[in-house]
Amino acid sequence: MTARDRNSVRLFVGVDRVAILLYVALTLFGLAAIFSASWNETSDAPLSLDHNYMKQAMWLGLSWVAAIVILLLDSSVWHKFAYYIYGFGILALLSTLAIGTTVNGAKAWIAIGGFRIQPMEFAKIAIAIATARMMSEYSFSLGKIGDLFRLAALLMLPLGIAVLQNDLGSGLVLGSFLFMLYREGLNNWICVPILFIATLFILSFVLTPVTLLVALITVFTLSAAMMMRDKWLLCLKYVASLFLASILLYLVLCVAVGEGVSYYATLFGVTLASLVAVVVYAFRKSLRQLYVIVALFFVSSMIMPTSDIVFSHLKEHQQKRIQSFLGLVSDPAADYNVNKSKEAIGSGGLLGKGYLQGALTRYRLVPERHTDFIFSTIGEELGFVGTLTILLLLAAFILRLMRMGDRQQETFGRVYCYCVASILLFHVLINIGMTIGLMPVMGIPLPFVSYGGSSLFAFTIMVFIAFSLDASTRRELPTYRYI
Amino acid sequence: MNEYGGNRWRIIIPRLLVLIIFGVLILRVGYLQLIDSRYESLAGDNYLRYVVKYPPRGEVFDRNGEYLVQSKICYDLMAVWRDMPRSGVDTLRLLDITGLTLPRLKNALYEARRSPRQGRLVAKYLSAEEKLQLDELNIPGLYTVPRTVRQYPRKIGGNLLGSVGEITDKMLKNSSEYYGIGDYIGTEGLEAAYEEELRGVKGLVLHDLYARDEAHDQIINHPQPGKSIVCTIDARLQAFAEDLMRGKVGAVVAIEPATGEILVMASSPTFDPDELVGRERGNNYMRNLNNPRHPLFNRSVKSKYPPGSTFKLVNGLIGLQEGVLKPNYRYSCHNGYDYGKIHVGCHEHSSPLNLDYAIATSCNAYFCYVFRNILENKKYGSVKDAYDVWCEYVESFGFGRKLESDFLGEGRGYVPDRAFYDKRYHKSWNALTVLSLSIGQGELGCTPLQLANLAATIANRGYYYIPHIVRSIEGQDSLDARFYRKNYTKVDARHFETIVHGMWRGVNVDGTCQGAKLDGWDVCGKTGTAQNPRGEDHSTFVSFAPRNNPKIAIAVYVEHGGFGASMAVPIASLVEEMYLTDSITRPWLVDYVKQKQINYYNAYDRKRQK
């Protein structure tokens with residue numbers, strides 16, 4: 001560092017001003033939307049802290065103070081204290097299990113005075129920092145199984161606590177780290193199966209077990225056939241004999257045992273037995289691809305029942321939301337939020353009904369209109385112009401964060417920026433997706449826009465750490481010019 | 001590896017992914033907001049409703065500008081469940097104010113709970129005081145909406161004015177498309193007859209359910225208030241006539257001969273029209289409906305009373321016109337008319353007598369001769385053909401058919417035609433068979449309105465204007481053309497003077513109705529005592545005054561009132577005096593009328609109790 005640098009006011013030197021502008025625009029946009037969603041024209045004291053918008057404004061002020069503090073701090077503290085911060089975050093999460101308050105079925109909140117804080121919001125920062133710290137170790141490699149397990153353990157611990165809190169939505173945010181891991185060079189062979197399993201998990205809700213099993217067998221045999229180009233006929237014979245054998249066995253069992261024989265069990269048993277033959281065949285012919293396919297099939301068939309187990313452990317309202325989203329059951333109560341939100345957004349048109357004029361918002365017909373469904377308020381009152389603006393602001397902000405990550409000199413900073421971008425992307429996708437019926441309803445706020453002090457505060461800290469890391473990198477670039 | 005220290009694709013693919021995700025979101029939002037118009041109307045369904053705005057109903061004045069019917073404000077109590085306090089409300093006080101029963105209040109609140117965001121009706125017809133009491137309680141979620149209902153300041157003319165009630169399913173099916181469920185419609189009398197003028201035109205607004213004030217309403221049609229109507233009724237006279245008729249069953253109808261305007265139309269017993277307004281409407285209506293004296297039956301226009309001797313006027317006129325009677329024809333009468341086995345009785349009077357005295361003293365025999373002369377006129381070949389001619393004459397006086405007044409539900413009375421007698425007497429009948437028609441008995445039936453019209457026709461010497469109850473309608477220069485047309489009878493004007501003289505003589509010289517005499521007013525009249533096999537005779541009287549340029553023609557009919565002179569004459573005379581002189585010089589006569597007991601009326605009540 002130069003003497004000139006040390007003596008100057010460091011605060012905004014090197015900070016990405018575009019990102020700051022986007023941040024300010026998003027938070028003010030959010031505050032305006034919250035004001036519209038919670039303003040009551042008959043109120044006597046419009047500036048009282050009883051109002052949501054005043055609370056939010058107060059939190060926004062606090063957030064800016066926190067942001068300045070973070071910019072004043074040396075960015076290396078995050079690297080140094082990463083694991084302490086992580087430990088503190090885990091402690092905070094654990095504390096909710098003991099002293100937490102339950103909101104919407106999730107015991108994920110701590111009440112302090114008149115405010116409620118969701119420790120998960122802050123724990124996400126800690127997890128991101130710790131992840132970045134771990135991945136920036138010199139010897140760390142995503143190609144090493146041991147390192148992968150360490151990383152998995154780091155992520156699974158808070159995820160497990162989130163599941164215990166019954167706050168699966170927040171826990172799933174950690175799944176978005178896959179995005180960051182891909183950037184960091186995670187092997188395609190891991191990315192693809194994870195995505196495949198996720199797809200399977202969702203499909204297992206929709207399809208009956210037998211259908212799913214038949215689909216799996218067909219898909220895997222087809223892929224085996226495609227790998228071993230000259231074995232088409234063999235694969236066909238395999239599939240045909242498999243189904244023939246299973247049907248025959250099923251009929252025999254029906255006659256012999258009588259009731260209680262399911263075709264699913266028969267087909268599954270025959271298939272597993274046939275796998276032994278397939279493995280022996282692969283060993284003899286030295287067909288390594290077949291091992292992979294057999295292993296994948298084995299894992300997939302194991303996962304199918306787990307989805308049922310996981311599902312049965314969900315709370316009833318979560319089950320309903322998922323079923324309603326997948327179109328399995330039509331539950332008016334579960335569809336209500338989404339329908340009203342879609343009506344509000346759809347009725348906005350191009351220019352909207354005007355600020356403070358949204359009828360569905362004003363009359364409180366959209367539930368959670370200032371928190372999770374703030375997007376519907378914007379959509380109704382400001383129309384497509386408003387929703388497009390907010391979406392473009394968010395997209396620009398996320399891309400900006402990714403750009404910051406990519407221009408980092410240190411792995412720590414890059415991983416951290418991508419973590420933040422992943423978290424934001426996940427939040428935006430789930431939150432806006434649910435307001436327009438693309439995603440199931442999960443209690444996940446829209447970053448910077450939704451009402452919620454702890455959320456805004458935590459997101460501010462999260463992104464300003466990234467800004468701070470970016471600023472220190474840029475200050476050290478030889479091409480950087482002081483302004 | 002590039003400048004950022006990573007694989008090229010590992011940088012590009014995440015960015016592409018971000019762009020794809022936002023692209024999908026933007027496309028979806030754009031589709032919802034710009035292309036799919038379904039949600040716009042769905043969103044509107046949440047909070048917008050078409051609400052009918054009811055115009056205030058037109059008011060009704062009497063001929064002197066006094067209010068007969070006013071619109072008064074009342075309030076409906078509405079509840080929005082969502083805004084009501086969760087801790088509950090002071091139910092006892094609420095019941096006290098609204099007059100509801102607990103089960104009904106519970107039911108109303110249950111309904112409100114089922115649609116918690118909308119205002120639901122809790123209680124109807126709250127008075128201004130009750131509304132203020134509610135305002136004082138200041139319960140959140142409860143509010144009142146103003147409405148207008150009818151009010152009758154003089155509490156007269158229940159049957160005449162009719163009432164306004166919710167439209168029934170049956171009426172809805174038959175009525176025009178204007179009406180909808182829950183609309184109010186005039187059900188009887190004037191309210192029904194001038195429904196289209198009085199109701200105004202409904203307005204329509206697009207109402208914002210959640211905006212409690214009406215400022216947010218989008219007006220589609222403005223409601224047009226109903227037109228006010230000036231009635232031909234003289235409220236003071238009507239009240240007086242109803243007062244006189246109290247305790248009697250019958251009707252008083254008075255007409256201004258020069259215009260056909262109905263001055264009084266009192267049917268007795270009557271009811272307080274205010275009873276059929278508001279919360280107690282249903283109960284009061286049923287009570288009146290079950291009253292054995294049928295107060296809801298408008299006797300003035302719907303009954304079929306035998307006209308009795310008043311009908312002799314018509315027969316005399318027909319005889320004169322046909323030339324079978326001359327004013328100086330004299331017939332003898334010795335306690336009645338005898339021909340073979342037929343005997344029509346009469347009272348003591350000098351004999352023989354000419355036409356004007358026969359009218360004055362109401363000689364039965366004289367008119368039996370006249371009637372036979374009409375029907376046995378050789379000119380027509382047979383009695384039956386002559387009877388057809390007689391029927392035509394009678395109908396030209398307005399009997400046996402509707403007068404086409406503006407009063408809905410007007411009865412036609414009854415004049416038997418030739419076919420009727422052919423059937424009854426197997427085609428074998430002659431003038432003697434139907435002789436009782438000569439003195440207004442037999443099958444004849446007429447409404448008091450027709451009798452009053454007869455008086456007006458004679459007063460006008462041969463023509464009448466169709467009686468009507470409306471003088472003018474706000475915003476209209478004239479009424480229907482039929483009310484301005486002179487309707488001539490088939491009897492020439494020159495024949496009337498003799499009859500008028502007879503009527504004058506009956507009142508002023510030596511007749512049956514000298515009780516109707518008013519000094520200086522030349523009252524003319526004809527009594528009737530309709531014989532009645534089921535009890536005492538009906539008392540009736542038709543009259544007009546003064547003899548020249550008559551101002552009022554009146555018919556009074558009192559069921560079981562005895563002689564015409566005993567009940568109908570004093571009532572008619574008092575009403576005439578009141579109308580002509582604005583004063584009553586015979587208070588003892590008023591007392592007499594009011595205190596007159598008609599014993600037969602107990603039979604009405606007994607009949608019902610069986």
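This report describes salt bridges and the surroundings of one serine in a predicted model.

Residues are numbered from 1 along each chain as its sequence is written, while chains are lettered from A and ligands numbered from 1 in the order in which they are written. Because the model is predicted, local features need pLDDT of at least 70 and side-chain atom pairs count only at pLDDT 80 or more, whereas totals for chains, interfaces and linings use all residues, and side-chain values use heavy atoms, with hydrogens and water left out.

**Salt bridges**

With a salt bridge taken as a side-chain nitrogen of Lys or Arg within 4 Å of a carboxyl oxygen of Asp or Glu, the count over all chains is 44. Three of these pairs are listed here.

| Pair | N to O distance |
|---|---|
| A:Arg414 and A:Glu184 | 3.0 Å |
| B:Glu191 and B:Arg150 | 2.9 Å |
| B:Arg547 and B:Glu497 | 3.5 Å |

Helices (H or I, at least four residues) and strands (E, at least two) are DSSP runs, numbered from the N terminus. The bridge between A:Arg414 and A:Glu184 ties together parts 230 residues apart in sequence, because A:Arg414 lies in helix 19 (residues 411–435) of chain A and A:Glu184 in the loop between helix 9 (177–183) and helix 10 (188–206) of chain A. Buried means under 20% relative accessible area, exposed over 50%, and partly exposed in between (1.4 Å probe, protein chains only); A:Arg414 is buried at 12%, and A:Glu184 is buried at 16%.

In chain B, the salt bridge of B:Glu191 with B:Arg150 links distant parts of the chain, with B:Glu191 in helix 8 (residues 189–193) and B:Arg150 in strand 5 (residues 142–151), 41 residues apart. B:Glu191 counts as buried at 1% relative accessibility, and B:Arg150 counts as buried at 4%.

For the pair B:Arg547 and B:Glu497, B:Arg547 counts as buried at 15% relative accessibility, while B:Glu497 counts as partly exposed at 35%.

In chain A, salt bridges that share partners join A:Asp16, A:Arg400, A:Arg407, A:Asp470 and A:Arg474 into one network.

**Surroundings of B:Ser268**

B:Ser268 is placed in strand 12 (residues 261–268) of chain B and is buried, with a relative accessible area of 5%. The side chain of B:Ser268 reaches the backbone oxygen of B:Met245 at 2.9 Å, and a polar atom of that side chain lies 2.7 Å from the backbone oxygen of B:Lys248. Leaving aside residues up to four places away in sequence, B:Ser268 touches (heavy atoms within 4.5 Å) B:Met245, B:Arg246, B:Lys248, B:Val249, B:Gly250 and B:Arg299.

Notes. A polar contact is a pair of N or O atoms within 3.5 Å; within protein, one must be able to donate a hydrogen and the other to accept it, and residues adjacent in sequence count only if both atoms are side-chain atoms.
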